[in-house]
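Trainee: Hey, got a minute to look at a structure with me? I'd like to go through it bit by bit.

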Amino acid sequence: MDTQLVAYLLSAAVKVSGLPPVPVESLPEFIPMPGSMLKAEACKEKVANCRGIVALFDMERNRVLYRDDLDVDDPSDNSFLVHELVHVLQYAQGGDAIYKDCPSLVQTERAAYAAQNMYLHAQGQLLRVGRIMQFARCAPPPGTTAAAHEPMTH
């Protein structure tokens, strides 16, 4: 992927997320692949249930995988790369803790979708993503009531 585009998308991810930047040299490798291969990478044992995957930050291998049919010059399409770069920034700041449990994962995803939507808005795009996250809930820990662990809504 073009290094100027990556630098631009990283700058946008920093701006819309409010997270501190990372050096461009430390960014993951960006790897395009067919959607079927991306599904297999993202949803190892549940490929049949995996729908709508566009991009993925693979923190274990320090790479961003994305569908090879994305038009990376189109803001609607490259917003998914901004989303993954927000995960890169989150991981640089918080390490594995960003995925340590369900509430952390939900918070991480909500923040990345919010940043992606801010990017889309700034680019004059009408597309909005991640609305399903408003319904994301975590099972309560054993021995607690569900009401005590419902996410707060505003």
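Mentor: Sure. Keep in mind that this is a predicted model. Let's start with the disulfide: C102 and C138 form one, with their sulfur atoms 2.1 Å apart.

Trainee: How many disulfides does the count come to?

Mentor: Just one disulfide. The pair links distant parts of the chain, 36 residues apart. C102 is in helix α4 (residues 102–122), and C138 is in the segment after α4.

Trainee: And is the disulfide left-handed or right-handed?

Mentor: Left-handed, because the torsion about the S-S bond of C102 and C138 is about -85 degrees.

Trainee: What about C138, buried or exposed?

Mentor: C138 counts as buried, because its relative accessibility is 18% and the cut-off for buried is under 20%. C102, at 33%, counts as partly exposed.

Trainee: OK, new topic. How many residues does helix α3 have?

Mentor: Helix α3 has 20 residues, running from 75 to 94. From first C-alpha to last it reaches 27 Å, close to the expected 28 Å. Since 15 of those 20 residues are buried, α3 is largely enclosed by the rest of the structure.

Trainee: What's going on at the start of α3?

Mentor: There, a side-chain oxygen of D74 comes within 3.0 Å of the backbone nitrogen of S76. Just after α3, G95 takes a positive phi of about 60 degrees.

Trainee: Last one: where is A40 found?

Mentor: A40 sits in helix α2, which covers residues 35–42. With 37% relative accessibility, A40 counts as partly exposed. The C-alpha atoms of A40 and C50 are 8.7 Å apart, and these residues are 10 apart along the chain.

Methods. Residues numbered from 1 in each chain as written. Predicted model: local features only at pLDDT ≥ 70, side-chain atom pairs only at ≥ 80, totals over all residues. Heavy atoms only, no water. Helix = DSSP H or I, 4+ residues; strand = E, 2+ residues; numbered from the N terminus. Buried < 20%, exposed > 50% of the residue type's maximum accessible area, 1.4 Å probe, protein only. Disulfide = S-S within 2.5 Å. Expected span 1.5 Å × (residues − 1). Polar contact = N/O pair within 3.5 Å; in protein donor to acceptor, adjacent residues only side chain to side chain.
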